[in-house]
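Visitor: I would like to go through the charged side chains of this protein. Could you take me through them step by step?

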Amino acid sequence: MSPSLWLLPALPAAAGALLIAVRRAAPALSVATAALTLGLAGHAAATRPSATARLIVGEGLAVDGLSAVMVVTVAAVGLAVLVFAAAEQRSGRFHGLMLIFLGAMLATVTATDLVLLLMGWEVMGAMSYALIGYRWRDRERVRSGAVAFVTTRAGDLGLYVACGAALAAGGGLALAGLPGLPPPWRDVVAGGIVLAALGKSAQGPFAFWLSRAMAGPSPVSAFLHAATMVVAGAYLLLRLHALLAATGWAAAVAAWTGALTALLLGLVALAQRDLKQLLAASTCAQVGFMVLAAGASAVSGGTAHLVAHAAVKSLLFLAAGAWLAALGTKDLAGLHGAARRFPLVGVAFGVGAAALAGLPPLSLWVTKDAVLGGVAQPGPRVVAFAAGLVAALYAGKALAAVWRAADAATGTGSERRATGRVAWPELLPLPVLALVAAGFGIVGLPALHGWWSRLVGDPGAPGLTAGELALSGVPALALVTALIAVRPGQGVIGVRPETAVIAVRPWTVAPSRVGGVFGRWLGLERAARAVVWRPLLRAARWAAWFDERVVHGAVEAVARAGLRAARLAGSPLESGLDGLVRRIGGAVRRLGGLARRPQTGQVHTYFAQAAVALVVLAVVFAIVR
């Protein structure tokens, strides 16, 4: 047991709290803290420590193969993002919140029980709200943070249900013991965990909150999407894949939800004209592959995809943030020529976008196929394969947009004042992230596949064949090439904003009306407001009316009745009782006065009184006898 393991999440959390209060030299201190945290993560990954403490039921942290991969990934991405942020975000509040966010994620991925997991989970939710609404003077940004927080909190209720069910089953709260719980408690626990994970990872009907999260600063988007909150749900499902498999239905729900999210949110990404919105929707889609992997128990492929996606998505968001600062826009039409104007950022973004498209020989090409290779069910596998082709389209769309020669539209739609330059701290993490984004797929190739699978606890994972790799790589390469070759105005890239057509001429992928639905994120937020939020508000108003008119009215009626009873008691009955008490008191007072008269203080008088009393007693005794 290694008590020092507690330092891994505690160091960034404590330093973050200090920076919020002190606010001096915040960028330097936060980068130094993140670097030290990365060192601790590397040591923990090498030594695999564990630690326990009895806070409530005997909580613990531990680092095994799967969590070793995660702690290094989280700490490395956190360091890269904070180095980037040092160029622009200098306030102690920002860096403090980011470090607390980092500590909460490290606690989540190393927790061995539901109590510590829930603690880290909740702190992440609170930090996401604070960071998305970081510019708190902008009411719309604060509203976006509230939407994200409330939506994820709705899913988080599942973890509380899971904790209660695990305690009711008598099996304890240790994660390792959850698959062995007896039914139906095991099913309740699995349902709660799946709900919480889907909410946190923006899967299925929860996906829309990730669109709102784009209101935060670019470093927040990079950290949120790449290595913290959004992947936390996928990691939890990968960690508890045995629980999903034990129930049967939970594994199927996760697999189908992941596959459908990968496809539908990929189409949403394809319909976006805002670069950050495109990347946000693509995050939902790519995390869908991880959730699919958890449902199919393809832990090796899912974990590899998680790590590769962390490098790719942090790289893309940081590049988008650099262009936003330099050019003042994130609109794709306004970013024409951005990669040519800032070539280092452009090359790094190009590597990330090519990897996101699944182009060989880059990382996500291999890791995505590793996920598909572990899916035995034909339905989810076909849907996910189609989602991979859609990924080539939306990644190719972004790639072609930023490398296209600048035109009259460039610079329009500005969101903020442009600086016209990219600061050197913003450039530092890009080459390293690009290198990982390009080469991490090596863990899925035959030479390292066995080692990687044993490391993450999935030694039986099937390997990839050249045919499987070619089946996805060749179509992706063809689609991206076709997109880049399309002249402006002919396909997805040159679409007029007001038409919302998703088309690659001469083949129409979706009509304009359907394209508009995808452009609005499938109307998920509007549906959530109509189906959940407004009915809840009406129920709350009715409950308030009931409390005010019925409950409060009943309490006031009782009080009024008590006052009336008191007034009645103050009439003749009370005055009569008071007179009786007064008369008794007066009589006692007069008797006391009479009793004082014989008390003269003279001894012979007391003897005379005693003699009289004895004579009286003798007479009485003689009469009675």
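Guide: Certainly. In this predicted model, Arg520, Arg526, Arg534, Arg538 and Arg541 form a positive surface patch.

Visitor: Where does Arg534 sit?

Guide: Arg534 lies in helix 24, which covers residues 524–569.

Visitor: And how exposed is Arg534?

Guide: Arg534 has a relative accessible area of 42%, so it counts as partly exposed. A patch residue needs over 30% relative accessible area and no salt bridge.

Visitor: On to salt bridges, then. How many are there in the whole structure?

Guide: A search of the whole structure gives 13 salt bridges. One of them joins the side chains of Glu140 and Arg212, at 2.9 Å from N to O.

Visitor: Which helices does that pair connect?

Guide: Glu140 belongs to helix 6 (residues 139–169) and Arg212 to helix 8 (residues 208–212). The two residues are 72 residues apart, and the pair links distant parts of the chain.

Visitor: Are Glu140 and Arg212 buried or exposed?

Guide: Glu140 is partly exposed, at 40% relative accessibility. Arg212 is at 15% and counts as buried, because the limit for that class is under 20%.

Visitor: What about Asp156 and Arg153?

Guide: Their side chains also form a salt bridge, with an N to O distance of 4.0 Å. Both residues are in helix 6, and because they are three residues apart, about one helical turn separates them.

Visitor: Buried or exposed, for Asp156 and Arg153?

Guide: Asp156 is buried, with a relative accessible area of 1%. Arg153 has 26% and is partly exposed.

Visitor: What does Glu468 pair with?

Guide: The side chain of Glu468 meets that of Arg381 in a salt bridge of 3.7 Å, N to O. This pair links distant parts of the chain, with Glu468 in helix 22 (residues 466–485) and Arg381 in helix 18 (residues 378–403), 87 residues apart.

Visitor: And what is the accessibility of Glu468 and Arg381?

Guide: Glu468 is partly exposed at 26% relative accessible area, and Arg381 is partly exposed at 31%.

Visitor: Which residues are joined into one network by salt bridges that share partners?

Guide: Glu140, Arg143, Arg212, Glu525 and Arg529 are joined in this way. The network therefore includes Glu140 and Arg212, the pair with the 2.9 Å salt bridge discussed above.

Visitor: Why do such side chains pair at all?

Guide: Side chains of opposite charge can pair when their charged atoms come close.

Key. Residues are numbered from 1 along each chain as its sequence is written. This is a predicted model: local features need pLDDT of at least 70, side-chain atom pairs count only at pLDDT 80 or more; totals for chains, interfaces and linings use all residues. Side-chain values use heavy atoms; hydrogens and water are left out. Patches are made of residues with over 30% relative accessible area and no salt bridge: like charges are joined within 9 Å, nonpolar side chains (Val, Leu, Ile, Met, Phe, Trp, Tyr) within 5 Å. Accessible areas come from the Shrake-Rupley method with a 1.4 Å probe; for residues, only the protein chains shown count as cover. Lys and Arg count as positive and Asp and Glu as negative; His and the chain ends are not counted. The place of a charge is taken as NZ of Lys, CZ of Arg, CG of Asp or CD of Glu. Helices (H or I, at least four residues) and strands (E, at least two) are DSSP runs, numbered from the N terminus. Buried means under 20% relative accessible area, exposed over 50%, partly exposed in between (1.4 Å probe, protein chains only).
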